[in-house]
Amino acid sequence: MQKKISKMPFKGTPEQAAQLQAVIAECKGDNSRLMHVMQQAQAIYGYLPIEVQAEIAEGMGVPLEKVYGISTFYAQFALSPKGKYNISVCLGTACYVKGSQDLLDKICEVLGVEPGECTEDGMYSVEACRCIGACGLAPVFTINEEVYGKITPDEIPDILAKYN
């Protein structure tokens with residue numbers, strides 16, 4: 001699955017920028033610490049928007065393409081923010097066969113986003129995953145830590161309404 005770049009404007013704070021600059025200063029000149037800097041940046045911001053990637057690249061003295069390549073290659077990095085409620089729909093074999101793609105489509109329709117995106121109000125983010133280990137409840141999705149199983153697309157609006 002290709003990662004989506006956030007359409008939301010970047011809203012970093014001066015405090016976050018100072019934290020990132022401190023991490024970069026600590027690691028500057030040692031390109032073997034690039035992954036560490038990126039991990040710390042994601043911990044600070046919650047994701048790696050292109051503005052933060054550019055700051056890391058400049059501060060570490062590496063091409064932006066290298067930072068971008070790493071952030072799109074490794075699953076641990078997100079290019080768009082997570083919502084207050086992070087929805088993850090399982091597209092593993094058992095769930096897919098039982099209709100999880102229809103669940104994902106309905107969730108995206110109701111929220112007006114695509115997988116990998118966050119709603120403009122920052123309330124919901126949606127992603128597809130491969131397996132959450134609840135195959136007996138297929139099709140399954142989670143909202144944060146809450147698991148929903150044996151769900152039909154018709155139930156989606158009522159489930160989402162509980163989180164408003």
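**Exercise 1.** What percentage of the 164 residues of the chain count as buried?

*Solution.* Start with the ground rules: this is a predicted model, where local features need pLDDT of at least 70, side-chain atom pairs count only at pLDDT 80 or more, and totals for chains, interfaces and linings use all residues. Residues are numbered from 1 along each chain as its sequence is written, and side-chain values use heavy atoms, with hydrogens and water left out. Next, take the cut-off: buried means under 20% relative accessible area, exposed over 50%, and partly exposed in between (1.4 Å probe, protein chains only). By that rule, 42% of the residues count as buried.

**Exercise 2.** Place Gln 16 and work out its surroundings.

*Solution.* First, find the element: Gln 16 sits in helix H1, residues 14–27. (Helices are DSSP runs of H or I with at least four residues, strands are runs of E with at least two, and both are numbered from the N terminus.) Then check the cover: Gln 16 is buried, at a relative accessible area of 17%. Now look for neighbours. Leaving aside residues up to four places away in sequence, Gln 16 touches Lys 11, Ile 44 and Tyr 45, where contact means heavy atoms within 4.5 Å. Finally, a polar atom of its side chain lies 2.8 Å from the backbone nitrogen of Thr 13.

**Exercise 3.** Describe how S3 and S4 go together.

*Solution.* Strands pair if DSSP finds at least two bridges between them. Here, S3 (residues 140–143) and S4 (residues 146–149) run antiparallel, joined by 4 bridges. One bridge links Ile 143 with Glu 146 in S4. The two strands form a hairpin with 2 residues between them, and Asn 144 in the turn has a positive phi of about 55°.

Terms used:
Polar contact = N/O pair within 3.5 Å; in protein donor to acceptor, adjacent residues only side chain to side chain.
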